Amino acid sequence: MLCLCLYVPAFGESQAEFEYFESKGLPAELKTIFRLSLFIPSQEFSTYRQWKQKIVKAGDKDLDGQLDFEEFVHYLQDHEKKLRLVFKSLDKKNDGRIDAQEIMQSLRDLGVKISEQQAEKILKSMDKNGTMTIDWNEWRDYHLLHPVENIPEIILYWKHSTIFDVGENLTVPDEFTVEERQTGMWWRHLVAGGGAGAVSRTCTAPLDRLKVLMQVHASRNNNMCIVGGFTQMIREGGTRSLWRGNGINVLKIAPESAIKFMAYEQIKRFIGTDQEVLRIHERLVAGSLAGAIAQSSIYPMEVLKTRMALRKTGQYLGMLDCAKNILAKEGMAAFYKGYVPNMLGIIPYAGIDLAVYETLKNTWLQRYAVNSADPGVFVLLACGTMSSTCGQLASYPLALVRTRMQAQASIEGAPEVTMRGLFKHILKTEGAFGLYRGLAPNFMKVIPAVSISYVVYENLKMTLGVQSR
């Protein structure tokens with residue numbers, strides 16, 4: 001009888017033999033002579049079952065819960081292609097071998113820091129000939145019967161700017177794996193993210209409008225609180241008035257996300273890197289520039305959103321009427337009021353959001369990523385919420401000045417002021433606290449916004465046929 005066997009040493013322990021895949025895919029004359037089996041110690045049965053479930057999930061095409069011969073061969077071929085891509089991405093010197101420094105550099109580029117001793121420990125687990133380097137054969141043989149848990153998998157699991165929408169689209173874009181770009185899954189992720197953002201912004205629109213009102217109208221003499229602000233809005237325009245400005249806020253998601261993604265990909269090419277994953281500082285530069293290009297393209301919509309949120313009942317017939325009025329009375333320049341503080345706010349927001357998220361991700365991966373890079377829903381939500389909150393806190397004074405500059409003409413008798421003049425005026429009349437008016441409703445919407453966008457994103461992903469690993 002011909003057996004293909006995988007042996008796991010179990011010295012002095014009772015062993016059991018398990019058939020790895022079903023033989024129904026084999027020709028009839030081979031069914032009795034060909035079998036793939038493995039021997040494992042009895043105390044590792046539970047670990048084996050978990051390992052087998054991962055393999056079957058990855059290779060089971062007909063969804064019958066079993067792996068036949070054809071499926072197993074297809075799994076090996078497909079898995080080997082993925083392993084080849086990862087091996088090339090790790091082989092920085094292009095010499096066909098991976099050493100400890102290359103492992104450290106690859107993980108450092110991703111934001112995961114390990115010591116040289118840890119890198120050498122990884123090498124020893126795969127190094128067969130004691131050279132402290134890994135060639136393609138050693139890499140393939142070690143990983144072939146293990147589901148992929150590597151840099152592309154970390155990218156898959158740790159997306160956050162595509163998933164979480166808190167109303168400010170200033171985060172550095174997510175990376176997409178080679179496989180996602182080649183199969184066209186990237187645009188499905190973007191569509192799902194856009195849909196999630198639309199639902200999230202609509203659900204939290206009352207808090208967003210309250211934030212804008214407090215940024216513009218609140219002062220020492222007009223101490224607007226959350227309950228009082230909602231009462232004032234409902235008294236002035238009814239319950240529907242809580243959603244003023246939401247239409248344009250949702251409409252700008254699609255062009256902003258598309259322009260930002262395309263700009264990010266072009267800037268990556270301009271940087272000249274051929275690596276699948278940019279280093280952290282490269283991501284910050286490329287993401288900030290892409291954000292500036294996207295914001296510049298849709299900035300008139302930002303001004304419209306602020307004016308629509310601040311309008312009184314009956315002031316405008318709709319978005320187009322508002323745009324016509326601004327153009328007729330204030331000229332084209334009015335559509336770029338507050339542009340400078342908006343551009344300046346991109347750097348602290350994107351930089352701190354990225355730094356905090358990468359730090360939290362790195363900490364989790366080092367401490368808890370034993371069997372998988374998948375952090376789970378709650379860890380992902382917590383990391384996304386904390387990084388977005390820190391980014392908003394750092395850039396909030398610039399966001400407040402931007403909103404006041406956008407709203408200048410909508411406040412009767414308001415003098416034309418510059419960004420510098422407005423900062424001085426706020427600090428003189430209200431103190432540093434005046435730069436954080438509206439911060440409470442802004443933070444109140446972060447957790448529901450992140451949670452709603454995640455749930456909607458996951459459902460839209462399934463609808464669009466994006467398979468979660």
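Q: At what angle do helix H9 (residues 205-217) and helix H13 (residues 280-310) pack?
A: The model is predicted: local features need pLDDT of at least 70, side-chain atom pairs count only at pLDDT 80 or more, and totals for chains, interfaces and linings use all residues. Residues are numbered from 1 along each chain as its sequence is written, and side-chain values use heavy atoms, leaving out hydrogens and water. Helices (H or I, at least four residues) and strands (E, at least two) are DSSP runs numbered from the N terminus. The axes of H9 and H13 lie 10 Å apart; with axes fitted to C-alpha atoms, for helices over the stretch in contact, and angles running from 0 to 180 degrees between N-to-C directions, the packing angle is about 85°.

Q: Is H9 roughly parallel or roughly perpendicular to H13?
A: Angles under 35 degrees count as roughly parallel, over 145 as roughly antiparallel, 65 to 115 as roughly perpendicular, and the rest as oblique. The angle for H9 and H13 is about 85°, which makes the pair roughly perpendicular.

Q: Which residues of H13 make the contact with H9?
A: Contact means heavy atoms within 4.5 Å. H9 contributes Asp208, Arg209, Val212, Leu213, Val216 and His217. From H13 come Lys305, Thr306, Ala309 and Leu310.

Q: How many charged residues does the contact of H9 with H13 have?
A: Ala, Val, Leu, Ile, Met, Phe, Trp, Tyr, Cys and Pro count as nonpolar, Asp, Glu, Lys and Arg as charged, and the others, Gly among them, as polar. By that scheme the contact has five nonpolar and two polar residues. The number of charged residues is three.

Q: At what angle do the axes of H9 and H10 cross?
A: The axes of H9 and H10 come within 10 Å. The two helices are roughly perpendicular to each other, because the crossing angle is roughly 100°.

Q: Which residues of H10 take part in the contact with H9?
A: On the H9 side are Pro206, Leu207, Arg209, Leu210 and Leu213. The contact divides into seven nonpolar residues, one polar and one charged. On the H10 side are Ile226, Gly229, Phe230 and Met233.

Q: Which lysine within H9 forms a salt bridge with aspartate 208?
A: A salt bridge is a side-chain nitrogen of Lys or Arg within 4 Å of a carboxyl oxygen of Asp or Glu, and the structure holds 12 of them. In this one, the closest N and O atoms are 3.4 Å apart. The partners are three residues apart in H9, so they are separated by about one helical turn. The partner of aspartate 208 here is lysine 211.

Q: How many residues apart are aspartate 208 and lysine 445?
A: The side chains of aspartate 208 and lysine 445 meet in a salt bridge of 2.7 Å, N to O. Aspartate 208 is in H9 and lysine 445 in the loop between helix H18 (439-444) and helix H19 (446-463), so the pair links distant parts of the chain. Their separation in sequence is 237 residues.

Q: Are aspartate 208 and lysine 445 buried or exposed?
A: Buried means under 20% relative accessible area, exposed over 50%, and partly exposed in between (1.4 Å probe, protein chains only). Asp208, Lys211, Lys305 and Lys445 are linked in a network of salt bridges. Within that network, lysine 211 is buried, and aspartate 208 and lysine 445 are also buried.

Q: What is the relative accessibility of isoleucine 234?
A: Isoleucine 234 lies in helix H10 (residues 226-237). Neighbours within four places in sequence aside, isoleucine 234 is in contact with Thr239, Ser241 and Leu242. Isoleucine 234 counts as partly exposed, because its relative accessibility is 39%.

Q: How far apart are the C-alpha atoms of isoleucine 447 and alanine 382?
A: Isoleucine 447 is in helix H19 and is exposed, with a relative accessible area of 54%. Alanine 382 is 65 residues away along the chain. The C-alpha separation is 8.9 Å.

Q: What is the phi of asparagine 94?
A: Asparagine 94 sits in the loop between helix H2 (69-90) and strand S4 (97-98). Asparagine 94 is exposed, at 67% relative accessible area. Although asparagine 94 is not a glycine, its phi is positive, at about 55°.

Q: What percentage of the residues in the protein chain is buried?
A: The chain has 19 helices and five strands. Its residues number 469. The buried share is 48%.
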